[in-house]
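Visitor: I should like to be guided through the architecture of this protein. Please show me the structure before we begin.

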Amino acid sequence: MKLNELEKEIESGKYGEPRRFALKHQKKVGRFFDAEKLIEVSQVHIMADAEALGYSGIEFLENLSNYEKSEREVWVPTITDPRGADFKAYENIRQSKSFVDMEKRAIKAFKSLGVMMTDTCINYQVFMPPVLGEHLAFGDTGSSIYANSVLGARTNFEGGPSALASSLTGRTPMYGLHLEKNRIPNKAFLIKYKPKDFSDWGALGAIIGKQMNSYWDVPIIYGLNFKPTSDELKHLGAAMASFGSTPLFHIDEITPESHLFKNLKIKPKSITKLDLNVFYKHFHTNDDRLDVVVFAAPQLSLDEMRILSEMLDGRKIHPNISLIVCTAPSVKVLCDTNDISQRIENSGGIILEGVCFYNMHAREIGEANGWKRLMSNSAKLSNILGGYGYETILSTMEKCVDSACQGRIVK
């Protein structure tokens, strides 16, 4: 890899051991992916939950905090993905205090590096949304695919060490989706129905994601002759990334780079309402038993919180069911001032801020509460939690609410 003068100085140790170590890591990643050089990034979004870090990861961060401030502080704005515990509400879901203590150690270490604890996977909706052509180092798959696809920014899926390295050097290896040649679609899909709700959008993303053969496949979508909302695109992308490890999609006449691909010679594969129904059947069950309803993955936006609160207004969650809602701390503040939180909590719902259910030791929480059957309107969450020992049911937000209130799965 070719290094410029500043990068050579970082490599020499002039700016401290943490940055030298970070550049060494980036050279290894760059060589693996045949990157010719590094490229500057404007911001970093880093996975920061203790479940992903583990004790060794936390200790690594704590060791970095022992260096001089000038050597350890990030060089570009760096924000965080959801943490793994809500310090105000963890007892409500019987989460172990040991996990909370891990989170507190991780937060202290990140803050010593100058990382801003935003604790959200919907940073593109609430903080510093990137713009067309902006180079980033984003760690969360949902935020990465949204930034790449909907906003036209440039990022790969950055693992935790790579995102941390970018925050310390202000650059990332120039490979993958930082290169125009890798952003060209090689698969096409024609949608022959109109998604009606967030679960439908997630299901569509999952159907497409399952047909991707590798990280390098880029789909383009035709047939959506209307403008989806930010939340609809959020569910589409989050599920596509979850089911297909897909970091980029284009939608004809909608996403900012789609106009570049007018003469593609790719025959689109049709996706029909039948395909949607078949997908939903993977998350159906023969009985109506239910333990918990979770709205998360991605965290809910302010408007999603409003919609949910109106569905719950004046109703009560069944005493045998738990209903959990995850949102960003900045969104929670607005929910509090607009009586949204009050409506949800008056119904018996539990609002968790700054977390996302699947990365807060979901298996242990399920075991502590005796939760086995979980219902959600998130295709991403339904996919992930199958690996955590849950039987997951995917349905609309309305049916999730009805089920929580009736104490059984409403089909």
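Guide: Two strands are said to pair if DSSP finds at least two bridges between them. The model before us is predicted, and strand β11 (residues 322–327) and β12 satisfy the criterion with 4 bridges in the parallel sense.

Visitor: Which residue of β12 stands opposite C326?

Guide: C326 lies in β11, which spans residues 322–327. Strand β12 covers residues 350–353. The residue of β12 opposite C326 is L352.

Visitor: Are the faces of β12 covered or uncovered?

Guide: On one side of the strand, I350 and L352 are buried. On the other side, I351 and E353 are buried too. Both faces of β12 are therefore covered, where buried means under 20% relative accessible area.

Visitor: In what order do the strands of the 4-stranded open sheet lie?

Guide: The edge strands, each pairing on one side only, are β8 (250–251) and β9 (269–271). Strand β6 (residues 187–191) is joined to β9 by 3 bridges, and β6 pairs with β7 over 4 bridges. Both of these pairings are parallel. The order is β8-β7-β6-β9.

Visitor: Which residues stand opposite L190 in β7 and in β9?

Guide: Strand β6 pairs with β7 and is also bridged to β9, and L190 has a partner in each of them. In β9 the bridge partner is S270. In β7 the residue opposite L190 is Y222.

Visitor: How many of the 5 residues of β6 are buried?

Guide: Strand β6 pairs with β7 and is bridged to β9, while helix α9 (residues 198–209) lies across β6, β7 (219–222) and β9. The strand is mostly covered. The number of buried residues in β6 is 4.

Visitor: What is the handedness of the β-α-β crossover from β6 to β7?

Guide: The two strands pair in the parallel sense. The chain passes from β6 to β7 through α9, a helix that runs at about 150 degrees to β9. The crossover is right-handed.

Visitor: At what angle do the axes of α9 and α10 cross?

Guide: Two packed helices are described by the angle between their axes and the distance between the axes. The axes of α9 and helix α10 (residues 230–244) come within 7 Å. Their crossing is right-handed, and its angle is roughly 35 degrees.

Visitor: How many nonpolar residues does the contact of α9 with α10 have?

Guide: From α9 the contact includes F198, W201, L204 and I208. From α10 it includes L236, A239, M240 and F243. By class, there are 2 charged residues, 5 polar ones and, as the number asked for, 9 nonpolar.

Visitor: Is S301 buried or exposed?

Guide: S301 lies in the loop between β10 (292–300) and α12 (302–312). Beyond four places in sequence, S301 touches I122, Q125, D231, K234 and V331. Its relative accessible area is 8% and the limit is 20%, so S301 is buried.

Visitor: Which strands are the edges of the 3-stranded open sheet?

Guide: The strands lie in the order β3-β2-β4, with parallel pairing. Strand β2 (residues 44–46) is joined to β4 by 2 bridges, and the bridge partner of H45 in β4 is F138. The edges, each pairing on one side only, are β3 (78–80) and β4 (137–138).

Visitor: Which helix lies across β2, β3 and β4?

Guide: These strands form an open sheet. The helix in question spans residues 160–169 and runs at about 145 degrees to β2. The helix is α8.

Visitor: Why does Y175 count as buried?

Guide: Y175 lies in the loop between β5 (171–173) and β6. Leaving aside neighbours within four places in sequence, Y175 is in contact with V29, F33, A35, N156 and W216. Y175 counts as buried because buried means under 20%, and its relative accessibility is 7%.

Visitor: How many of the 9 residues of helix α7 are buried?

Guide: The cover over the buried residues of α7 (residues 141–149) includes β2, α6 (123–126), β4, α10 and α16 (379–385). Among the buried residues are I145, Y146 and A147. The helix is largely enclosed by the rest of the structure because its buried residues number 8.

Methods. Residues are numbered from 1 along each chain as its sequence is written. This is a predicted model: local features need pLDDT of at least 70, side-chain atom pairs count only at pLDDT 80 or more; totals for chains, interfaces and linings use all residues. Side-chain values use heavy atoms; hydrogens and water are left out. Contact means heavy atoms within 4.5 Å. Axes are lines fitted to C-alpha atoms, for helices over the stretch in contact, and angles run from 0 to 180 degrees between N-to-C directions. A crossing is left-handed if the near helix is turned anticlockwise from the far one by less than a right angle, and right-handed if clockwise. Ala, Val, Leu, Ile, Met, Phe, Trp, Tyr, Cys and Pro count as nonpolar, Asp, Glu, Lys and Arg as charged, and the others, Gly among them, as polar. Buried means under 20% relative accessible area, exposed over 50%, partly exposed in between (1.4 Å probe, protein chains only). A crossover is right-handed if, with the strands pointing away from the viewer, the path from the first strand over the helix to the second runs clockwise.
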